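Dear colleague,

I am handing over the structure below, and after it you will find an account of what came out of the analysis. Please read the text with the structure open beside it.

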Number of protein chains: 2
Amino acid sequence: MRTDTVYKKAFNRTANMLRDGQLAGELPSENELRRRMCVSRTTVRKVLQELIRRQLVTEHSGIRAAGRAVDDNDYYPDAETTPRAKHVEQHFMEWMLRRDTRPGTSINELELARQFGVATNGIREFLIRFSRFGLIEKRPNTGWLFKGFTEDFALELFEIRVMFELRSAHLFSRQPGTSPLWGKLAALKIAHTELLKRIEIRYHDFSGLDNRFHRLINEASPNRFIDDFYDVITFIFHYHYQWNKQDEKQRNQAAILEHVAYIDALESRDPERIKQACQAHLASARTTLMRSLIGLDQ
Amino acid sequence: MRTDTVYKKAFNRTANMLRDGQLAGELPSENELRRRMCVSRTTVRKVLQELIRRQLVTEHSGIRAAGRAVDDNDYYPDAETTPRAKHVEQHFMEWMLRRDTRPGTSINELELARQFGVATNGIREFLIRFSRFGLIEKRPNTGWLFKGFTEDFALELFEIRVMFELRSAHLFSRQPGTSPLWGKLAALKIAHTELLKRIEIRYHDFSGLDNRFHRLINEASPNRFIDDFYDVITFIFHYHYQWNKQDEKQRNQAAILEHVAYIDALESRDPERIKQACQAHLASARTTLMRSLIGLDQ
DNA sequence: AGCATGAACTTTATCCATAAAAAACAACTT
DNA sequence: AAGTTGTTTTTTATGGATAAAGTTCATGCT
């Protein structure tokens with residue numbers, strides 16, 4: 001049966017809004033709520049119905065208003081708000097990066113399905129989606145081959161990344177001075193220096209900033225294939241570093257400094273300087289990844 | 001139910017071998033046949049059983065040999081030898097390129113399933129696989145958006161293609177003279193000039209040659225992401241030109257000449273000359289595609 | 001006319017079932 | 001011991017069913 005994670009997530013969000021007082025007085029119309037939560041009206045109605053049943057919302061002659069205070073255990077647990085497909089993703093990435101899954105291992109849809117507690121269909125869809133990451137390969141009628149999260153993989157990934165990033169940085173720097181992206185870049189630079197001040201405790205925030213920065217660079221000259229490739233990178237890094245936290249603070253601190261130098265270079269519009277800064281940053285990112293790969297490898 | 005296309009294709013192939021006299025005398029063992037046909041022994045046995053039933057093969061005391069002559073209508077029809085997934089692909093590509101499918105159209109899994117006569121599952125798997133081509137986009141819980149086979153698409157595709165090809169051509173030219181790829185390149189050049197002589201009738205053969213040529217260039221410095229991207233190109237071109245045959249002979253003739261110039265440039269190892277030849281060729285490929293796109297667009 | 005709610009309908013996400021194909025096991029032959 | 005064939009088990013490809021979520025239609029209220 002389809003999971004009701006959309007409903008549960010919407011419910012939790014609405015409960016949050018009630019608690020924050022964002023929904024004081026008469027509640028907005030179903031359509032208005034629908035728009036705010038990005039779900040269908042059907043789901044909004046289901047949420048409202050349950051809120052009323054639990055007296056979190058009252059309804060008198062068609063007028064709805066906040067009811068009793070929201071309690072911590074009114075919320076659905078987080079696990080129930082993620083769709084199956086996402087669970088499969090998480091399980092699989094853990095299976096791949098955490099366990100001793102060696103290059104050359106063959107992947108068995110049925111076995112994974114049993115292990116993750118989902119239907120084979122879900123596994124298969126995930127694997128198809130995942131195959132564009134270049135880590136697995138399908139052999140028809142037979143199964144999938146895990147090619148390994150290896151040094152080769154990292155090298156090939158970074159070769160493309162450098163190519164794309166140099167191209168995008170170059171095009172970024174040649175935008176007219178009137179482009180709004182310059183403003184965004186300046187803002188990002190400030191965010192970087194702010195984070196640097198609080199690095200001791202906030203170093204986790206870097207990955208969000210990293211993402212915003214590299215996506216901003218691409219924004220000046222959009223290309224869907226480059227964007228897609230950046231999705232690959234984001235995905236890989238997300239999971240890889242989630243389970244690989246050595247030196248995180250130090251790594252991020254260094255990366256912030258590199259970003260700042262890179263931003264300065266962009267603002268200078270000097271092609272050679274941009275190239276240097278960009279390459280320096282990516283080279284260090286690559287070294288970091290490679291080092292942690294070797295740790296993974298024994 | 002799963003289709004038995006693997007069996008039927010294997011059957012047809014075996015029938016062909018019988019007809020060609022490749023299986024004269026005592027038939028090879030099941031294992032040997034298995035290896036030659038790249039299917040499992042289970043399938044081989046099924047084929048043999050049917051061949052015997054139809055007396056195309058005789059069996060006396062465990063010895064199998066060719067039986068009566070193979071007739072044209074011993075073969076299974078071609079349509080029955082392609083798996084469902086492939087049918088879906090063909091139908092979808094036709095739907096996309098042939099019909100007046102406009103950018104922004106939303107794609108309905110259920111409707112396509114009905115239209116193509118398959119289960120929704122198959123459609124969904126195809127769409128997931130196809131999504132890496134950058135022509136469709138998934139919106140969760142809602143459906144897929146067709147972004148259109150547009151001019152933008154072609155431009156973005158070619159921007160990447162040029163980047164990759166320049167990189168690969170450059171690295172190819174810097175291989176040691178002892179690399180076996182130089183020999184392959186020379187052979188390909190001959191194949192090109194041969195084809196040119198027979199261009200009047202054999203111009204269809206160009207696409208195979210084109211593929212071999214560009215894949216050879218990539219072989220000198222393998223990168224899975226570049227290979228994958230070349231798969232995208234191959235796929236797109238395959239279907240696009242399958243339905244768009246204006247000027248095919250002329251186009252291919254021009255492309256052969258460009259290839260030869262490109263090969264000469266590679267053999268000269270002169271970076272600047274390589275760059276020129278490569279760019280010239282890709283520019284003309286792009287123009288061709290763009291022109292046919294405009295035809296498609298009204 | 002435009003927006004709100006109610007109800008009906010359609011589509012997606014998900015599970016389950018099963019024949020075809022592959023793989024593993026067993027027994028036999030040379 | 002290595003290669004055959006026969007048999008059994010496992011896995012993949014594909015169809016089908018259904019609750020959840022999205023969308024459309026109908027009705028009523030300013």
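**The surface near DNA strand D**

In this predicted model, 42 residues lie around DNA strand D, and those that come nearest are N108(A), R124(A), R2(B), R41(B) and R45(B). On the nucleic acid side, sugar and phosphate make up 70% of the atoms of DNA strand D that come within 4 Å of the protein.

Three individual approaches to the strand illustrate which of its parts are met. N108(A), already named among the nearest residues, places a polar side-chain atom 2.7 Å from a phosphate oxygen of DNA strand D. T3(A) takes part through its backbone, with an N or O atom 3.1 Å from a sugar or linking oxygen of the strand. From the other chain, N121(B) has a polar side-chain atom that lies 2.9 Å from a base oxygen of DNA strand D.

As for the elements that give two or more residues to this surface, chain A supplies α1 (5–20), α3 (41–53), α5 (109–116) and α6 (120–130), while chain B supplies α2 (30–37), α3 (41–53) and α4 (84–97). The element that gives the most is α3(A), with 4 residues. Sorted by class, the surface near DNA strand D holds 16 polar, 14 charged and 12 nonpolar residues.

**The contact between chain B and chain A**

The two chains also touch each other, in a contact to which chain B brings 31 residues and chain A brings 30 residues. About 2500 Å² is buried between them, and carbon and sulfur atoms give 54% of that area. The interface contains 6 salt bridges by the rule applied; in the one between E156(A) and R224(B), the side chains meet at 2.8 Å, N to O. Between chain B and chain A, 14 residue pairs are in polar contact, with both residues at pLDDT 80 or more.

On the side of chain B that touches chain A, the elements giving two or more residues are α6 (120–130), α7 (151–173) and α11 (224–242) of chain B, and the largest share, 10 residues, comes from α7(B). This side of chain B comprises 14 nonpolar, 12 charged and 5 polar residues.

**Domains of chain A**

Finally, the domain assignment divides chain A into domain 1 (5–79), domain 2 (83–146) and domain 3 (151–296). The centres of domain 1 and domain 2 of chain A, taken over C-alpha atoms, are separated by 37 Å.

With kind regards

Conventions
Residues are numbered from 1 along each chain as its sequence is written. Chains are lettered from A and ligands numbered from 1 in the order in which they are written. Side-chain values use heavy atoms; hydrogens and water are left out. Domain bounds come from an automatic or database domain assignment. Contact means heavy atoms within 4.5 Å. Buried area is the accessible area (1.4 Å probe) that two parts lose on being put together, summed over both. A salt bridge is a side-chain nitrogen of Lys or Arg within 4 Å of a carboxyl oxygen of Asp or Glu. A polar contact is a pair of N or O atoms within 3.5 Å; within protein, one must be able to donate a hydrogen and the other to accept it, and residues adjacent in sequence count only if both atoms are side-chain atoms. Ala, Val, Leu, Ile, Met, Phe, Trp, Tyr, Cys and Pro count as nonpolar, Asp, Glu, Lys and Arg as charged, and the others, Gly among them, as polar. A residue is near a molecule or strand if one of its heavy atoms lies within 4 Å of it.
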